[in-house]
Each structure stands twice: as structure tokens, then as C-alpha cells.
Amino acid sequence: EQGQAGDNIIVEGVNLSGVTELFLNDDAADFEVVADTQLGFTIPDESTSGFLRLVTPTDEYTSDIELGVIGPEPVIDSFTPASGLPGTRVQFQGIHFVHVESVFFGDEEATFESAAETQLTAIVPTDAETGLITIKTAFGESVTESEFVVEEPSPTLDSFSPGVGSIGTQVTLLGSYFNGVSGVFFGEKETSFEVVADSQILTSVPVEAITGTIRLVYSSGEFVSDSLFYLPAEIESFDPVKAPPGAQLTINGSNFTGTSKVRIGGKEAEIFSIEPDELVVIIPSDALIGTVSVSTPAGALATELVFGVLPFIQEISPVAGPIGTLVQVKGGGFTEVQTALIGELAVAFTIQSHNLIEITVPSDTPSGQVTVVNPVGLAVSDDSFQLRTAADLSLEVAPALNPSSWQFPNSFTIKVHNAGPS
């Protein structure tokens, strides 16, 4: 009732002379009918224990008795790698792997493929733990001498939502291997969390958190997100509280990382530098008196305190002239100028642009510096405008009578007459 490949087995029964085929399991065997009550067959190579199936021209019969096929037990010589994560492909070297029925990493059964008599590849199961590996065949089993070390998978954070929020905002983290997470941090601030699934964590923004990365801490290290979680910016102060266009304005506060725009009185300023707690901007030439606002991915924030834009005068032109002279005042911060003076006399003026004012000198104008005034301050010119009385001048030019050529220079008679008053 048992044998090994190549052995001759005698089968006894009745009506055996009509047998045309003989199978052990699904393996066809060579056989010879000795008599109507007896036949012999040879156990095929690669066969395993099973029942005999006899086929005749009209029917087939399966034995009630199982024939035990004895074969060589598997032998594991080595395996590589010696450690890995679940899902790692492990390759075994040895012999007698053809009839492998199962592979176990500890108590967890693994999927496998038999590449050859001497080689086998198996996949580390998802729930496998560090332990010995067992290979079972129809003829026995073999257990490794050393353990396969199942490495703890490192948590990976793929995304989080939302990407912006304030203190207390609930945030969903998506990734993998979250069961091994022992801590969640927004920047340097730790927060409570709940592992909903191995791929999902629910958490919330902790008190005192600032814009920064999200960190997952586990037993052997940490994972830091590629993108930032943005909290709303906060402005504590700015200095100076008033200044002319072109000057630097320093804004102090928090969560300035990612700042895209700074506006002064609604006019966009050039950003000079960005630090998490400090912004330095250049006051724009067309800035208006008003609030300072900062825009980040988490939204925009405006100050309650108003910034004062001071006017400044770069030059006046001309610096002297009679009544009716058009004096151009060049500088900046002129948009909200309310008063212009020459000396101590208020004069009419026209704001042509944020950097140009024009004054027509009136009849009672004294000589003096030009002053422009807006709601937060004033600017005084370095030069004084000097009033001059208009002179009654006449000019007469008469060319010589002789024709000119390249050989003779031109001659002119020029008469200037000044009838006064100076």
C-alpha cells in the first residue's frame, strides 16, 4: 500500500483485463495486465500519494484504498534575504522543492512559487512575525535553522486634508503602516491622534502650533511630510508706524511662511525677506495711508493699526521764477497731500501722480521752501523757491550782408535791450 517512484505495484481485483488506462492521482502510469484478477504498474516519477483510477472502454473505477508514495523530504540549505518587510520576496536554495504544498513564516502561511527542484521563492505574509520558516511537501517538511527577521514597516504620510487651518482644526492623514505610529507632531508641538485604519489617522491642530511640517514618530525613527500645514498669520506689530515710500517696513508676528502678498493701504509692497516671525517689505511708491495686510495660503490678515505714508520731496524745478511760473515738485507719497506751501503761504496745487505735484506761483508768493502736507506728516524741500520780478527784455539779431561759405564764417549783430525793472 506504499512505495516510491519506480516501484512496481501489484493490483488485485476482478475484471482487470479490460483496463486501458491507469492513473495515480492525475499521473498516467505504465501498467501490465497479468490476469483478469491482477495487474502491475510502476509508480510514475513526480507522483504523490493518492487513489488509483482504472479506465476501461465503458467505465472507470477509483480505488477505495490510497496508495502512499514515499519520497525525499525537502531540504533547506539557505534563504535570502535574512530580513525584510511584509511583501518581500524570499528565495530558498535546497533540494526536493518540486512537491511543495505550503510555506509558513512562523504561523503565517505564505504564497510561493516553485522555480526548480533546488529553488523556491515565497512572499513574506502581511501579518508575519520574526521566526523560523517551514517548507512542507507531500513527503515531509523542512524548517530553517535561523529566523527570518520581519522588519517593522515605516509609516509613510502621503497626504493630509485640509492643508490649512487654525488651532483645533481636525486633520485627516492618509498613508500607510500607521499602526506603528507612536506620536504626531505639528512642527514641534505634539497632538493627540486616533489611528482609524492602518492607512488613516484623525488628529487636530494643537495649541501653539505654527505653520510647518507634520511629523509621524515611530519606534525606529520619524517621517516628515513634504508639504507644510499652514496656520493663519498673526501680526503683532510693525515698525516704523509711518515712513515715506521706498523705506523698509518690518512686520513682526507669526506664521508668515508662505506669504505671497503684503499690502499697505491696499497697494502691494515688494517683499524683501520672509521669516516665520518677521516680514521685511519695501513701502511702494503709490502706497496709501491704511492698514497693513498679509496674505498666506491660510488666508489674509489686516492690522487694526493704520500705517502712515509720509510724503517726501526729492526736488523742485525751477528754483526761481516770476509770478505765474509752473513749479514741479517731484518726490513720492503725494496721493493724499492736502496742503502745499511756498514759505508760509498756502498755494493752490495739482496732484499729477503719486510722485508729482505742480504749483503755479501766485502773485503774493514769498520766497521760501516748498512744503507738502498729508494727514500723517509733511515734507519740506531742501531748496527754496526764489521769486523773481519779470524783466522787459527784447532781442534783435541781424546777419551780415555778405554771403557765407565754408571759407568765410558767418557774422551776426545781436542787440539785447533790458527795459527793467532789474
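**Exercise 1. Which residue in β25 is the bridge partner of V184?**

Before we start: this is a predicted model, so keep that in mind as you look around.

Step 1. Find strand β21, which covers residues 181-186. V184 falls within that range.

Step 2. Look across to strand β25, residues 214-218, which is joined to β21 by five bridges and runs antiparallel to β21.

Step 3. Read off the partner: V184 pairs with L216.

Step 4. Now check the other pairing of β21. Strand β22 (residues 189-191) is also antiparallel to β21, with three bridges between them, and here F185 stands opposite E190.

Step 5. Follow the chain from β21 into β22. The two make a hairpin with two residues in between, and G187 in that turn has a positive phi of about 65°. As for cover, five of the six residues of β21 are buried.

**Exercise 2. Work out which residues are linked in a network of salt bridges with R215.**

Step 1. Start with E188. Its side chain meets that of R215 in a salt bridge, at 3.8 Å from N to O. E188 sits in the loop between β21 and β22 while R215 is in strand β25, so this pair ties together parts that are 27 residues apart in sequence.

Step 2. Go on to E222. R215 forms a salt bridge with E222 too, and the closest N and O atoms are 2.8 Å apart.

Step 3. Put them together: E188, R215 and E222 are linked in a network.

Step 4. See how well covered each member is. R215 counts as buried because its relative accessibility is 13%, under the 20% cut-off. E222 is partly exposed at 42%, and E188 is exposed at 67%.

**Exercise 3. Find the salt bridge that links strands β36 and β38, and describe how the strands pair.**

Step 1. Take the strands: β36 spans residues 312-317 and β38 spans residues 326-332, and they pair in the antiparallel sense over five bridges. One of the matches is I313 with G331.

Step 2. Look at the side chains. K330 and E315 meet in a salt bridge, 3.9 Å from N to O. K330 belongs to β38 and E315 to β36, and they are 15 residues apart.

Step 3. Check exposure. K330 is partly exposed at 31%, and E315 is partly exposed at 38%.

Step 4. Turn to the other partner of β38 here: strand β42 (residues 356-360) pairs with β38 in the antiparallel sense, again over five bridges. L326 stands opposite T360 in that pairing.

Step 5. For the wider count, the structure holds six salt bridges.

**Exercise 4. Why is one side of β1 and of β4 left without a neighbour in the sheet?**

Step 1. Write down the strand order of the open sheet: β1-β8-β7-β3-β4, with mixed pairing.

Step 2. Look at the ends. β1 (2-4) and β4 (27-28) stand at the edges with a single partner strand each, so one side of each has no neighbour in the sheet.

Step 3. Zoom in on one edge. β3 (residues 21-24) is joined to β4 by two bridges, and the strands run antiparallel. Here L24 stands opposite D27.

**Exercise 5. Is F160 buried or exposed, and what about F412?**

Step 1. Locate F160 in strand β19, residues 156-161. With a relative accessible area of 13%, F160 is buried.

Step 2. List some company. Beyond its sequence neighbours within four places, F160 contacts residues including V171, L173, I214 and F229. I214 is 54 residues away in sequence, yet the C-alpha atoms of F160 and I214 are 9.0 Å apart.

Step 3. Move to F412, in strand β46. At 52%, F412 is exposed.

Step 4. See what F412 belongs to: a nonpolar surface patch with L393, L395, V397, I414 and V416, with about 660 Å² of accessible area together. β45 and β46 each supply at least two of the patch residues.

**Exercise 6. How many helices and strands does the protein have, and how spread out is the protein?**

Step 1. Count the elements: zero helices and 46 strands.

Step 2. Compare sizes. The radius of gyration is 49 Å, well over the 22 Å that the globule rule gives for 422 residues, so the protein is more spread out than a compact globule.

Step 3. Add the box and the burial: the C-alpha atoms fill roughly 160 × 70 × 40 Å along the principal axes, and 36% of the residues count as buried.

Conventions. Residues numbered from 1 in each chain as written. Predicted model: local features only at pLDDT ≥ 70, side-chain atom pairs only at ≥ 80, totals over all residues. Heavy atoms only, no water. Patch = residues over 30% accessible without salt bridge, like charges linked within 9 Å, V, L, I, M, F, W, Y side chains within 5 Å. Areas by Shrake-Rupley, 256 points an atom, 1.4 Å probe, with all protein chains shown as cover. Salt bridge = Lys/Arg side-chain N within 4 Å of Asp/Glu carboxyl O. Helix = DSSP H or I, 4+ residues; strand = E, 2+ residues; numbered from the N terminus. Buried < 20%, exposed > 50% of the residue type's maximum accessible area, 1.4 Å probe, protein only. Pairing = 2+ DSSP bridges. Rg over C-alpha atoms; globule rule 2.2 N^0.38 Å. Contact = heavy atoms within 4.5 Å.
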